[in-house]
Amino acid sequence: MAGRAARLVLLAGAAALASGSQGDREPVYRDCVLQCEEQNCSGGALNHFRSRQPIYMSLAGWTCRDDCKYECMWVTVGLYLQEGHKVPQFHGKWPFSRFLFFQEPASAVASFLNGLASLVMLCRYRTFVPASSPMYHTCVAFAWVSLNAWFWSTVFHTRDTDLTEKMDYFCASTVILHSIYLCCVRTVGLQHPAVVSAFRALLLLMLTVHVSYLTLIRFDYGYNLVANVAIGLVNVVWWLAWCLWNQQRLPHVRKCMVVVLLLQGLSLLELLDFPPLFWVLDAHAIWHISTIPVHVLFFSFLEDDSLYLLKESEAKFKLD
């Protein structure tokens with residue numbers, strides 16, 4: 001829900017710095033990379049590198065140049081620490097200790113666990129909620145959209161490339177928009193199907209224009225940041241207003257309210273930007289880990305609410 005918007009804020013800020021952070025601007029880093037590429041990334045040296053590179057690294061797309069950047073990053077970090085300076089960032093990111101082919105191991109594992117939690121709750125939802133529930137198909141669709149987003153988040157933190165970065169951004173935006181759609185269906189659409197159909201078309205148009213602009217014209221990090229903060233605020237305000245209006249009448253709505261408030265509170269973790277503990281665990285990874293139970297709670301709310309709506313619709317049918 002709203003937490004994806006907060007995550008996009010941090011990603012946009014980091015990406016805006018990706019073309020030039022303190023570490024990769026250092027002459028020692030640049031000279032190290034240049035020398036490493038000259039010695040290892042051409043001719044027989046390149047063949048030697050490929051012959052000794054683990055198969056999982058090559059399958060993940062790690063090149064000789066990537067390896068040079070990784071090794072030279074740690075050379076630069078070592079010099080900074082020896083001289084008593086703070087750890088610098090490289091290409092908009094803190095230095096992370098690579099594990100196997102995982103570029104950011106903690107964030108990758110945490111993203112996977114978020115996806116796993118969503119999958120488990122989706123299975124539970126489909127087990128306990130009949131398909132005749134008015135919100136069933138909308139909730140299931142939201143779960144699949146979330147699963148897709150966490151898949152690409154896992155891939156992005158495993159291997160940061162232009163493609164994986166864009167897929168992570170776009171899928172996160174899709175989750176926020178689908179959360180707004182979910183809220184629209186719950187608050188308006190059950191009574192006014194025509195309104196929700198028009199709103200769905202509007203959201204799809206917005207997403208198409210957004211992705212097309214960033215893909216075909218230029219990837220504007222500033223615009224992407226503003227757009228996602230805006231839709232994230234709409235998402236938060238709409239859900240929270242509905243929860244406050246219905247909390248006395250529908251006790252299970254408090255779960256949704258807790259989710260919204262927790263995500264806003266946990267988003268503050270993103271502001272604690274510090275070098276990774278043990279070169280693995282940074283604020284972003286901690287935020288990812290903390291959202292796992294939040295997703296469980298939100299799907300629990302969707303299950304309770306869907307069963308309530310089913311009971312309500314069945315009661316109306318009997319009266320008719």
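**Entry 1. Helices α10 and α11**

I began with a pair of helices in this predicted model, and I noted that α10 passes α11 in a left-handed crossing. I then looked up which residues make the contact: α10 contributes Phe-199, Met-206, His-210, Tyr-213 and Leu-214, while α11 contributes Tyr-223, Asn-224, Ala-227, Asn-228, Ile-231 and Trp-238. Sorted by class, this contact of α10 with α11 holds 8 nonpolar and 3 polar residues, and no charged residues.

For the geometry, I recorded that α10 covers residues 193-217 and α11 covers residues 221-246. Their axes come within 11 Å and cross at roughly 160°. Angles over 145 degrees count as roughly antiparallel, so I entered α10 as roughly antiparallel to α11.

**Entry 2. Helices α7 and α8**

I turned next to α7 and to helix α8, the latter spanning residues 136-158. The two pack at an angle of about 165°, and their axes are 8 Å apart. I therefore listed α7 as roughly antiparallel to α8. The crossing in which α7 passes α8 is left-handed.

Which residues of α7 meet α8? From α7 I listed Ser-107, Ala-108, Ser-111, Phe-112, Asn-114, Gly-115, Ser-118, Leu-119, Leu-122, Tyr-125 and Arg-126. On the α8 side I found Tyr-136, Cys-139, Val-140, Ala-143, Trp-144, Leu-147, Trp-150, Ser-153, Thr-154, His-157 and Thr-158. By class, the contact of α7 with α8 comprises 12 nonpolar, 9 polar and 1 charged residues.

**Entry 3. Helices α7 and α13**

I stayed with α7, which runs over residues 105-128, and examined its packing with helix α13, residues 283-290. Here the axes come within 8 Å and cross at roughly 15°. Since angles under 35 degrees count as roughly parallel, I recorded α7 as roughly parallel to α13. I found the crossing of α7 and α13 to be left-handed.

In this contact, Ala-106, Ser-107, Ala-110, Ser-111 and Asn-114 of α7 meet His-284, Ala-285, His-288 and Ile-289 of α13. My tally by class for α7 with α13 reads 4 nonpolar, 5 polar and no charged residues.

I also checked my α7 lists against each other. Ser-107, Ser-111 and Asn-114 of α7 appear in the contact with α13 and again in the contact with α8.

**Entry 4. The chain and its domains**

I then stepped back to the whole chain, in which I found 14 helices and 0 strands. Along its principal axes, the C-alpha trace spans about 80 × 40 × 35 Å.

How is the chain divided into domains? The domain assignment gives domain 1 as 23-95 and domain 2 as 105-318. I noted that the centres of domain 1 and domain 2, taken over C-alpha atoms, are separated by 37 Å. Their contact takes 12 residues from domain 1 and 9 residues from domain 2.

Lastly, I looked up how much area is buried between the domains. The area buried between domain 1 and domain 2 is about 830 Å². Carbon and sulfur atoms give 61% of this area.

Notes
Residues numbered from 1 in each chain as written. Predicted model: local features only at pLDDT ≥ 70, side-chain atom pairs only at ≥ 80, totals over all residues. Heavy atoms only, no water. Axes fitted to C-alpha atoms, helices over the stretch in contact; angles between N-to-C directions. Helix = DSSP H or I, 4+ residues; strand = E, 2+ residues; numbered from the N terminus. Parallel < 35°, antiparallel > 145°, perpendicular 65-115°, else oblique. Left-handed = near helix turned anticlockwise from the far one by under 90°. Contact = heavy atoms within 4.5 Å. Nonpolar A, V, L, I, M, F, W, Y, C, P; charged D, E, K, R; others polar. Domains from an automatic or database assignment. Buried area = accessible area lost by both parts, 1.4 Å probe.
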